[in-house]
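Student: I would like a close look at a single part of this model. Please walk me through how two helices pack, and then what lies around them.

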Amino acid sequence: MTATTGAGDVALRAATPDEIPAVLALWARAAKGTSITDDADGVAALLERDPECLIVATPAADTGTVVGTVIAGWDGWRCHLYRLAVDPAHRRRGIGAALLAAAEARFTALGGRRADAMVLDDNGLGQRTWKAAGYGPQPQWTRWVKPLNA
């Protein structure tokens, strides 16, 4: 699919395994914080499990350059959004909004009824982005985690 943004046309599509290095490089320069799954094996496992869940944005004229991502994870019951990231040189052009619209369309097509996003407490830019897209925190919930194999 193609979306027209303030930067012109961008192609939005599922990532391919050969783009994993480009995705990881984008996250390193554009995403705040890291996860224990931010490595080639973690992303490869994600794509093997759900080949459509990692959506990338590329300039329509240069489909080899990844300038944005979002993970639209669907577990059959809930819709989870992770790793919304746009290259700093391409921000403020509507790419993030286009990625979110594509993720939400995926969820709707799968039968999802509510999406949630993980946003770091100290990520002010991320919080403003999510708020502008209509998302808000649920103060009654706290995320509990346990690293496996640690």
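Tutor: The helix pair comes first, then the loop between the helices, then the cores.

This is a predicted model, in which local features need pLDDT of at least 70, side-chain atom pairs count only at pLDDT 80 or more, and totals for chains, interfaces and linings use all residues. Residues are numbered from 1 along each chain as its sequence is written, and side-chain values use heavy atoms, with hydrogens and water left out.

Two packed helices are described by the angle between their axes and the distance between the axes. Helices here are DSSP runs of H or I with at least four residues, strands are runs of E with at least two, and both are numbered from the N terminus. Axes are lines fitted to C-alpha atoms, for helices over the stretch in contact, and angles run from 0 to 180 degrees between N-to-C directions.

Helix α1 spans residues 20–30 and helix α2 residues 40–49. They pack at an angle of about 120°, with axes 10 Å apart. So α1 is oblique to α2: under 35 degrees counts as roughly parallel, over 145 as roughly antiparallel, 65 to 115 as roughly perpendicular, and the rest as oblique. The crossing of α1 and α2 is right-handed, meaning that the near helix is turned clockwise from the far one by less than a right angle.

I20, L24 and W27 of α1 meet A40, V43, A44 and L47 of α2. Contact means heavy atoms within 4.5 Å. By class, the contact has 7 nonpolar residues, no polar and no charged ones. Nonpolar covers Ala, Val, Leu, Ile, Met, Phe, Trp, Tyr, Cys and Pro; Asp, Glu, Lys and Arg are charged; the others, Gly among them, are polar.

G33 sits in the loop between α1 and α2. Its relative accessible area is 36%, so G33 is partly exposed, a class between buried (under 20%) and exposed (over 50%), with a 1.4 Å probe and protein chains only. Beyond neighbours within four places in sequence, G33 touches D38, R83 and L120.

Now the cores. A nonpolar core is a set of buried Ala, Val, Leu, Ile, Met, Phe, Trp, Tyr and Cys residues joined through side-chain atoms within 4.5 Å. The largest has 20 residues, and L12, I55, L81, I95 and L99 touch the most other members. Helix α3 (95–110) gives the most to this core, with 7 residues. A second, separate core of 15 residues includes A15, W27, C53 and A85. W27 is also one of the α1 residues in the helix contact.
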